[in-house]
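Thanks for coming. I will walk through one structure today, starting with the terms and then going from the whole chain to single residues.

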Amino acid sequence: MSAQALPREPRQDRSRATRQRLLEAAVECLASAGWAGTTVAVVAERAGVSRGAAQHHFRTREELVTAAVGYGSEVRIARMRERLNALTGRRPSTLDVVTLLGEMYTSPLFRAALQLWVAASSDEQLRAQVVPLEARVGREAHRLTIEALGADESVPGVRETVQATLDLVRGLGLADLLTDDSARRARLLNQWAAILDQALGR
């Protein structure tokens, strides 16, 4: 390694750390203040960096929040994978899996994604960025759910039933947006787990 290359590593580390703080702050802002309250200036202040430093990484608000929701989606999936892996020694029950999905789709990370969906519904440029991102997240969530349930997609109706499960927990996440819906959600997920067991032939 040359002497000239040595100073670059700390600067690159600082740049990565700044980007990470901005992404985390943007997710927090989206979840708590919504799209309208999530500006580059507000996110930069929350992240503890200058607006110029923020715009060095993200030229526009759209770039920032899209990257933040992409980051948040990766974290959601990683946490789901970690939780499932923590159930070592046994396959999680169907209720374990749907409860975990319910938690994933009512988290601040999901709330942030919802805010971006609403904004993208009336903004063509933003929608063009968000649709492929959410499609990728949806595919990964579906794959992880199939894996966690030990379901066989070659059986007719199984793929659709698993997708209905994801649609259900997404809807429950929407219901939780305005009020605490945890008690009703627990009852619904408990019933759905029993239905899902029947559909999977258990």
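A residue is called buried when its relative accessible area is under 20%, exposed when it is over 50%, and partly exposed in between, using a 1.4 Å probe and protein chains only. What you see is a predicted model, in which local features need pLDDT of at least 70 and side-chain atom pairs count only at pLDDT 80 or more, while totals for chains, interfaces and linings use all residues. Residues are numbered from 1 along each chain as its sequence is written, and side-chain values use heavy atoms, with hydrogens and water left out.

First, the whole chain. The protein has 9 helices and 0 strands. Helices here are DSSP runs of H or I with at least four residues, strands are runs of E with at least two, and both are numbered from the N terminus. The C-alpha atoms fit a box of roughly 60 × 45 × 30 Å along the principal axes. There are 202 residues, and 39% of them count as buried.

Next, contacts, meaning heavy atoms within 4.5 Å. Taking contacts between residues at least 6 apart in sequence, 68% join residues at least 24 apart.

Now the surface. About 11100 Å² is exposed, and carbon and sulfur atoms supply 53% of that. Those areas come from the Shrake-Rupley method with a 1.4 Å probe; for residues, only the protein chains shown count as cover. As for charge, there are 27 positive and 24 negative side chains, and the centres of the two sets lie 4 Å apart. Lys and Arg are the positive ones and Asp and Glu the negative ones, with His and the chain ends not counted. Each charge is placed at NZ of Lys, CZ of Arg, CG of Asp or CD of Glu.

On to the inside. In soluble globular proteins, nonpolar side chains tend to be buried together. A nonpolar core, as used here, is a set of buried Ala, Val, Leu, Ile, Met, Phe, Trp, Tyr and Cys residues joined through side-chain atoms within 4.5 Å. Which residues touch the most other members of the largest core? In that core of 29 residues, they are Leu22, Trp35, Val43, Leu64, Leu116 and Leu126. Helix 1, helix 2, helix 4 (61–86), helix 6 (108–120) and helix 7 each supply at least two residues of this core. Helix 1 gives the most, with 7 residues.

Take Leu22 from that list. Beyond its neighbours within four places in sequence, Leu22 is in contact with Val43, Ala44, Ala47, Val49, Ala54, His57, Phe58 and Leu64. There is also a second, separate core of 26 residues, which includes Met104, Ala151, Val158 and Leu196.

Next to Leu22 in the numbering is Leu23, in helix 1. Leu23 counts as buried because its relative accessible area is 7%. Again leaving aside neighbours within four places, Leu23 is in contact with Phe58, Leu64, Ala67, Ala68 and Tyr71.

Is Thr38 buried or exposed? Thr38 sits in the loop between helix 1 (8–33) and helix 2 (40–47), and it counts as buried because its relative accessibility is 0%. A polar atom of its side chain lies 3.3 Å from the backbone nitrogen of Leu30. With the same neighbours left out, Thr38 is in contact with Ala26, Cys29, Leu30, Val43, Arg61 and Val65.

Helix 5 covers residues 94–104, and its buried residues include Thr94, Gly102 and Met104. The buried residues of helix 5 pack against helix 4, helix 6, helix 7, helix 8 (158–175) and helix 9 (182–199).

Helix 7 (residues 124–149) holds Glu134. Glu134 is buried, because its relative accessible area is 16%. Outside four places in sequence, Glu134 is in contact with Val69, Ser73, Ala113 and Trp117. Gly138 also lies in helix 7, and at 25% relative accessibility it counts as partly exposed.

Last, the loop between helix 7 and helix 8, where we find Asp152. Asp152 is partly exposed, at 41% relative accessibility. A polar contact of 2.6 Å joins its side chain to that of Ser154. A polar contact is a pair of N or O atoms within 3.5 Å; within protein, one must be able to donate a hydrogen and the other to accept it, and residues adjacent in sequence count only if both atoms are side-chain atoms. Asp152 and Leu200 are 48 residues apart along the chain, with their C-alpha atoms separated by 8.3 Å.
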